[in-house]
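Biologist: Before we discuss any labels, please put the model up. I want to ask what each label rests on.

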Amino acid sequence: MWPVLSLNRPLLWLALAAASASVWLPDLGLRLAAVLIAATGLWDAWRQVRLERLRSRLGQEALTVTEEGVIVTDAANRILAVNPAFTQITGYEQAEVQGLNAASLAAPRHDSAFFERYWQTLQSTGRWEGEIWNRRKQGDEYPEWLKVRAVSDESGRVRHYVCLFSDISLRKARERDLRRIGFEDPLTGLPNRRRLHDLLTSRLRHLQAGESLDMAMLDIDGFKEINDGLGVELGDRLLARFGERLARQVAGGVVGRLGGDEFLVIRTTTFDDHEQWVAGLQAHLGEPFELDGHSLRLGLTVGSCRAPEDGRESGVLFQRLESALYAAKRNGRNHCLRFRPSLDVQEAPRLALVNELRNALATGGQLELHYQPQYRLADDGLAGLEALLRWRHPRDGMISPGEFIPLAERHGLMAALGNWVIDHALAQMAHWRRQGMPEVPVWINISAMQLFQGDLEAALAAGLARHQVSARRLGLELTESVLLDERAGDVAPRLEALRERGHPVAIDDFGTGYSSLGYLKHLPLDKLKLDRAFVRALPDDRADAAIVDAVLAMARGLALEVVAEGVETAAQRDFLRAVGCELVQGFFYDRPLTVEALEARWREQALVGVSETASSAESLAQPQA
Ligand code: C2E
Ligand code: MG
Ligand code: MG
């Protein structure tokens, strides 16, 4: 583009007049003066041309370097010029779009009312700004953020429109990802348990006459050994590859990961070949996986069922799949079993255990809380106690919470069990206070079921009032899966209310669920408990060391305290101390202790007499080296 020489410059006219005068003026002196004036004027004009050229080049340059796409149109919205960013975003070269109406670039997503409003705003205010969907040359549609300005001449008539836009598809995708968290298993990208419930429900609802649903719950045999033997990283990659292969095998069906090494497959079908279908899955996944020079052949245990024959409701079907899978596991490895009603009978031992748990709850005699101390790394002072539930079964001995808590959750006992824990922990704290024992915060674990089956808030308030303990002494630990369990509804406002009452709140087993930074930001929390999976291989595992470092940095940014779980060695402690972790808990310091053991320890240290007032907790701790 060539700059135009502006003609309304008096010096230019004067120079032209002087130039002609220099020809006819009689006096040599006057002629010389005219030449001088003409030269000055022409020099000024030349300077002006150069300046204009520079300005124009700068403008062009700016359009070239900007990452925003630019379109200049005439008053009829026909494209006159575009910049390189436009080509980069849309795929169109300038020559391909010149003369086209700019509206022809829009994706057919907006209705005529949208464009009416667009033009109204632009005409009345001279500008428009907002999100709009366009289409690239390659055909895909993308969202852009568009700013339009009308450019008018001196008389106020619109001559041009200048449109600036940026591609916001990445940003939108990130927002979508954030929304998706909680529905997707981050390791495999497959739907998670929660999403699978929804998908199964919707498949059941859309089942046509003559159609059935085949469902299979698959569990990889001996996955724990693979993980322990070859390392967690390889284990993770194996799970991802397993998920991929499974998804390819049941194209058109649903494949998801339930957690750990358990996957679920659902397909809608008109065939009556359930057993062959399952055998096919098993055979296909039995082919070896090649990973890092290892050839891994997996055994698979499968529980399966079919709707509508085996049930019409997703909750029931899930339960039956689990029954079938557990029964298959009892039959040894690499075994498939379809649900049959008699399995409910075979479940009898488990059901008997549920009944015994119910009785234990009613009498309270066999249940105990053990307490595992948490220590401050700065001075090895006692910072708190985590209450961990134990069941001392009269016949089977000590049963671990990992075994009976899922049972209690599945059979509707968790709210009652949770209330027992609340009341018992508070009673214990009141007792310690009366005895002059250290008054440190006690943390209890909260199950999702307590949030949506029981009335957690009422149980807490009643317990605090009964035992005269202040809420800030009773911390609540919730796992990520609890926070994201949609059956509990939006837990954020409830957590906020609990924190307002004074309860500290911690996210337990952090790193094993679906946490994302964006998500954490919105939750009212005081603490993160870093899962022991990340602590186990410290300090030698560089990946885990980096993760721990990153979590600590993030926690600092969010003003959260971090407790590292499962600290078993001095080397782990030293590493954690060096990277600035505040709190630790683990066998290196203490195993979960019975009340007697804990009290004996306190007495032994002779820092508290039975009726003395509480001494400072700081001086009580004595880590076992
Ligand atoms: P959690 O809340 O993450 O509890 C920590 C678990 O790690 C405890 O297992 C504890 O004994 C174990 N642990 C602590 N330090 C170490 C260590 O250095 N190395 C190793 N290998 N393990 C360590 P526990 O007592 O078997 O409890 C397992 C889970 O059961 C708990 O995990 C918690 O999720 C659940 N649980 C326990 N008590 C309750 C309860 O009262 N209510 C609910 N809802 N869940 C509970
Ligand atoms: Mg816990
Ligand atoms: Mg934990």
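The questions below take the metal sites, then the ligand shell, then single residues and domains.

Biologist: What kind of model is this?

Modeller: This is a predicted model.

Biologist: What makes Glu386, Asn445, Glu477 and Asp508 the residues that coordinate the magnesium ion (ligand 2)?

Modeller: Their oxygen atoms are 2.0 to 2.2 Å from the magnesium ion (ligand 2). A donor has to be within 2.8 Å of the metal, so OE of Glu386, OD1 of Asn445, OE of Glu477 and OD of Asp508 qualify. Along the chain these donors follow the spacing E-x58-N-x31-E-x30-D. Glu386 is in strand S14 (residues 382-393) and Glu477 in strand S17 (residues 474-479), so this pair ties together parts 91 residues apart in sequence.

Biologist: Why are Glu386 and Glu477 called buried?

Modeller: Buried means under 20% relative accessible area. Glu386 has 4% relative accessibility, so Glu386 counts as buried. Glu477 has 1%, so the label is buried for Glu477 as well.

Biologist: Which residues coordinate the magnesium ion (ligand 3)?

Modeller: The donors are OD of Asp508, OD of Asp509 and two OE entries from Glu565, at 2.0 to 2.6 Å. The limit is 2.8 Å, so these atoms pass as donors. In sequence the donor residues are spaced D-D-x55-E. Asp509 in strand S18 and Glu565 in the loop between strand S20 (561-564) and H23 are 56 residues apart, and the pair links distant parts of the chain.

Biologist: What makes Asp508 a bridge?

Modeller: Asp508 coordinates both the magnesium ion (ligand 3) and the magnesium ion (ligand 2). The two ions are 4.0 Å apart.

Biologist: Why is Asp509 called partly exposed, and why is Glu565 called buried?

Modeller: Partly exposed lies between the two limits, buried being under 20% and exposed over 50%. At 24%, Asp509 falls in between, so Asp509 counts as partly exposed. Glu565 has a relative accessible area of 11%, under 20%, and is therefore buried.

Biologist: How do you know that side chains of the protein make polar contacts with ligand 1?

Modeller: A polar contact is a pair of N or O atoms within 3.5 Å. An oxygen atom of ligand 1 is 2.9 Å from an N or O atom in the side chain of Asn445. For the side chain of Asp508 the distance is 2.8 Å, and for that of Arg532 it is 2.8 Å. These values are within 3.5 Å, so the three pairs count as polar contacts. Taken alone, ligand 1 exposes 790 Å², and the protein buries 83% of that.

Biologist: What makes up the shell around ligand 1?

Modeller: 23 residues surround ligand 1, the closest being Arg390, Asp508, Arg532, Glu568 and Phe587. By type, the shell divides into ten nonpolar, five polar and eight charged residues. At least two residues each come from S14, helix H14 (401-410), helix H15 (414-434), strand S16 (442-446) and strand S18 (505-510). The largest share, four residues, is from S14.

Biologist: Why is Gln450 called buried, and what does its side chain reach?

Modeller: Gln450 lies in helix H16 (residues 448-452). Its relative accessibility is 3%, under the 20% limit, so Gln450 counts as buried. The side chain of Gln450 reaches the backbone nitrogen of Ser447 at 2.8 Å.

Biologist: How do you know that Asp590 makes a polar contact with Arg601?

Modeller: The side chains of Asp590 and Arg601 are 2.5 Å apart at that contact, and the limit is 3.5 Å, so the pair qualifies. Asp590 is in the loop between strand S21 (583-584) and helix H24 (595-604). At 0% relative accessibility, Asp590 counts as buried.

Biologist: Is His160 buried, exposed or partly exposed, and why?

Modeller: His160, in strand S5 (residues 158-167), has 30% relative accessibility. That is between 20% and 50%, so His160 counts as partly exposed. The C-alpha atoms of His160 and Arg78, 82 residues apart along the chain, are separated by 9.3 Å.

Biologist: Where do the domain bounds fall?

Modeller: The domain assignment gives domain 1 (10-64), domain 2 (67-167), domain 3 (188-339) and domain 4 (365-593). The centres of domain 1 and domain 2, taken over C-alpha atoms, are separated by 40 Å.

How values were computed: Residues numbered from 1 in each chain as written. Chains lettered and ligands numbered in written order. Predicted model: local features only at pLDDT ≥ 70, side-chain atom pairs only at ≥ 80, totals over all residues. Heavy atoms only, no water. Donors = N, O, S within 2.8 Å, 3.2 Å for Na, K, Ca; no water. Buried < 20%, exposed > 50% of the residue type's maximum accessible area, 1.4 Å probe, protein only. Near = heavy atom within 4 Å. Polar contact = N/O pair within 3.5 Å; in protein donor to acceptor, adjacent residues only side chain to side chain. Areas by Shrake-Rupley, 256 points an atom, 1.4 Å probe, with all protein chains shown as cover. Nonpolar A, V, L, I, M, F, W, Y, C, P; charged D, E, K, R; others polar. Domains from an automatic or database assignment.
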